[in-house]
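I opened this notebook to record what I looked up, one topic at a time.

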Amino acid sequence: MEKKTISIITPCFNEDSCIEDCYNKIKLLFDTKLVDYNYEHIFSDNFSTDKSIEILKKIAKKDKKVKIILNSRNFGVFRSSFNAIKR
């Protein structure tokens with residue numbers, strides 16, 4: 001039987017201090033408690049000016065379950081999340 005896929009959307013803006021922690025917590029959750037599901041983790045960045053984009057690209061390069069959306073400006077949490085759902 002094919003596993004169902006869960007999509008996790010994380011909007012972010014200047015979150016370089018906690019992006020990796022968020023990624024690791026979601027990964028651990030699916031590796032231990034939700035092993036019967038596939039997942040994709042979509043980070044929707046709102047034009048961060050810190051190292052967030054660099055960190056996101058590094059994570060996405062090593063983990064194919066991670067997708068990143070780089071917005072051209074700060075759309076805010078709700079529009080950023082909606083944008084990620086549409087893709």
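**Entry 1: pairs along the strands.** I began with single residues, and I found that Ser-7 has Glu-40 in strand 2 as its bridge partner. I keep in mind throughout that I am reading a predicted model. Looking at Ile-6, I noted that its bridge partner in strand 2 is Tyr-39, and I also saw that Cys-12 stands opposite Asp-45 of strand 2. I then followed Asp-45 towards strand 3, where Leu-70 stands opposite this residue, and I wrote down that Ser-44 has Ile-69 of strand 3 as its bridge partner.

**Entry 2: the sheet.** Which order do the three strands take in the sheet? I read the order as 1-2-3 in an open sheet, and the pairing is parallel. Strand 1, residues 4-12, and strand 2, residues 37-45, pair in the parallel sense over nine bridges, while five bridges join strand 2 to strand 3, which also run parallel. I marked strand 1 and strand 3 (66-70) as standing at the edges, where each has a single partner strand, so one side of each is left without a neighbour in the sheet. From one strand to the next, I noted a twist that averages 20°. As background I added that strands of a sheet pair through backbone hydrogen bonds, either parallel or antiparallel.

**Entry 3: helices on the sheet.** I next looked up what packs on the sheet, and I found that helix 1 does so, touching strand 1, strand 2 and strand 3, with a direction that makes about 165° with that of strand 2. Helix 3, residues 76-86, also packs on the sheet and touches strand 1, strand 2 and strand 3, and its direction makes about 145° with that of strand 1.

**Entry 4: the crossovers.** Tracing the chain, I recorded that strand 1, helix 1 and strand 2 make a right-handed β-α-β unit. I then followed the chain from strand 2 through helix 2 to strand 3, and I noted that this β-α-β crossover is right-handed.

**Entry 5: helix 1 against helix 2.** At what angle do the axes of helix 1 and helix 2 cross? I found that the axes of helix 1 (residues 19-32) and helix 2 (residues 52-62) come within 10 Å and cross at roughly 30°. Angles under 35 degrees count as roughly parallel, and therefore I describe helix 1 as roughly parallel to helix 2. From helix 1, I listed Ile-19, Glu-20 and Tyr-23 as making the contact, and from helix 2 I listed Ser-52, Ile-55, Leu-56, Lys-58, Ile-59 and Lys-62. Sorting the residues of this contact, I got five nonpolar, one polar and three charged.

**Entry 6: salt bridges.** How many salt bridges are there? I noted a count of two salt bridges, and I looked up one of them, in which the side chains of Lys-58 and Glu-20 meet at 3.5 Å, N to O. Lys-58 lies in helix 2 and Glu-20 in helix 1, so I noted that the pair ties together parts that are 38 residues apart in sequence.

Conventions. Residues are numbered from 1 along each chain as its sequence is written. This is a predicted model: local features need pLDDT of at least 70, side-chain atom pairs count only at pLDDT 80 or more; totals for chains, interfaces and linings use all residues. Side-chain values use heavy atoms; hydrogens and water are left out. Axes are lines fitted to C-alpha atoms, for helices over the stretch in contact, and angles run from 0 to 180 degrees between N-to-C directions. Helices (H or I, at least four residues) and strands (E, at least two) are DSSP runs, numbered from the N terminus. Angles under 35 degrees count as roughly parallel, over 145 as roughly antiparallel, 65 to 115 as roughly perpendicular and the rest as oblique. Contact means heavy atoms within 4.5 Å. Ala, Val, Leu, Ile, Met, Phe, Trp, Tyr, Cys and Pro count as nonpolar, Asp, Glu, Lys and Arg as charged, and the others, Gly among them, as polar. Two strands pair if DSSP finds at least two bridges between them. A crossover is right-handed if, with the strands pointing away from the viewer, the path from the first strand over the helix to the second runs clockwise. A salt bridge is a side-chain nitrogen of Lys or Arg within 4 Å of a carboxyl oxygen of Asp or Glu.
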